[in-house]
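Dear colleague,

Please find below the structure I am handing over to you. My notes on it follow.

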Amino acid sequence: MAGGMSLDHPWAFAFGILGNLISFMVYLAPIPTFRRICRKKTTEGFQSVPYVVALFSAMLWIYYAFIKTNMYLLITINSFGCFIETIYIIIYLIYAPKSIKIYTAKIIFLLNVGLFSSIVLGTLFLFKGSTRVAVLGWICVGFSVSVFAAPLSIIRLVIRTKSVEFMPFSLSFFLTLSAVVWFSFGLFSKDIYIALPNVLGFAFGAVQMVLYIIYKDAKVSKSLADEKLPEHIAVDKLNDKVIAMEVKEKRTGNGCQGVEKRDVEMGPA
């Protein structure tokens, strides 16, 4: 865009302001989850990856905005995103078990330090001018598409259980609205890298809202109480592995004879 806040693009400016407001509310959506974590002083199996990925996405779009120049509205909301996601991650690290803290630290180092640094250095030294913007833009598109595809796991869960317990309508609505607004911003500012991934975001959001209408009155079966969110499954597997290793070390190191084989074989890898 030639001017992120230029009056030469009044519609882009209007949709950019609206996009900031809506995205602000979306960023604040996890607050109840973290209030619960602070109150119970445990992460209860919630995974840190979504917040680490959200932080990486905000960092990437800020870098794109600086390279493209004059994309102030993109910088403002993603700067807030970096701030709030960092707070979420800090709270998570305070109350997460030691093994999960280590796992989260590794993900942060690999994604937010390693990969982001590689992208910055690669685009700065290997490309120039409009080519640099194009390469970085397609990197942002590719990553945004993978983020927007994340709700597929929730959609599968809703269809399987015929329940929308794990898919609040308000969040689906605001995510869909956010995709529409940022698509419009990209359209009027003639930035395909912003507009394109939000088409997919709108499609997934619309599917979620349709499913909510279909299943909102469905009764929750008793088995659903034991149903785990997809984001919990990876953490459960990691916890199982850590527990299994600790039990095995106790058997070999301390000569414990009372641990049976079934205590070691905690489940699939």
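**Annotated spans and helix packing**

Residues 12-29 are 94% helix and 0% strand, and the C-alpha atoms at the two ends of this span are 25 Å apart. Please bear in mind that this is a predicted model. The span is one of those listed as "transmembrane region" in the unreviewed UniProt entry, which also gives 49-66, 72-95, 107-127, 133-159, 166-188 and 194-215. For residues 49-66, the helix content is 100%, with 0% strand, and the end C-alpha atoms lie 26 Å apart.

**H3 against H6**

Helix H3 comprises residues 49-68 and helix H6 residues 129-148; the two pack at an angle of about 155°, with 10 Å between their axes. An angle over 145 degrees counts as roughly antiparallel, and H3 and H6 are therefore roughly antiparallel to each other. The crossing of H3 past H6 is left-handed. On the H3 side, the contact involves Val53, Phe56, Ser57, Leu60, Trp61, Tyr63, Tyr64, Ile67 and Lys68. H6 contributes Arg132, Val133, Leu136, Gly137, Ile139, Cys140, Phe143, Ser144 and Val147. Sorted by class, the residues of this contact are 13 nonpolar, 3 polar and 2 charged.

**The salt bridge**

How many salt bridges does a search of the whole structure find? The search returns 1. It joins the side chains of Lys68 and Asp191, with an N to O distance of 2.8 Å. Lys68 belongs to helix H3, whereas Asp191 sits in the loop between helix H8 (169-188) and helix H9 (192-215); the pair thus links distant parts of the chain, 123 residues apart. In general, side chains of opposite charge can pair when their charged atoms come close. Lys68 also takes part in the contact of H3 with H6 described above.

**H9 and its partners H6 and H7**

Helix H6 also packs against H9: their axes come within 8 Å and cross at roughly 10°. H6 and H9 are therefore roughly parallel to each other. From H6, the residues involved are Val133, Ala134, Gly137, Trp138, Val141, Ser144, Val145 and Phe148. They meet Tyr193, Leu196, Pro197, Asn198, Leu200, Gly201 and Phe204 of H9. This contact of H6 with H9 has 11 nonpolar and 4 polar residues, and no charged ones.

Helix H7 (residues 152-161) packs with H9 at an angle of about 20°, the axes being 11 Å apart. H7 is therefore roughly parallel to H9. The two helices, H7 and H9, make a left-handed crossing. Here Leu152, Ile155, Val158 and Ile159 of H7 meet Phe204, Val207, Gln208, Leu211 and Tyr215 of H9. The contact of H7 with H9 divides into 8 nonpolar residues, 1 polar residue and no charged residues. Phe204 of H9 is listed in the contact with H6 and also in the contact with H7.

With kind regards

Methods. Residues numbered from 1 in each chain as written. Predicted model: local features only at pLDDT ≥ 70, side-chain atom pairs only at ≥ 80, totals over all residues. Heavy atoms only, no water. UniProt positions renumbered as here; feature names shortened; annotations may be inferred. Helix = DSSP H or I, 4+ residues; strand = E, 2+ residues; numbered from the N terminus. Axes fitted to C-alpha atoms, helices over the stretch in contact; angles between N-to-C directions. Parallel < 35°, antiparallel > 145°, perpendicular 65-115°, else oblique. Left-handed = near helix turned anticlockwise from the far one by under 90°. Contact = heavy atoms within 4.5 Å. Nonpolar A, V, L, I, M, F, W, Y, C, P; charged D, E, K, R; others polar. Salt bridge = Lys/Arg side-chain N within 4 Å of Asp/Glu carboxyl O.
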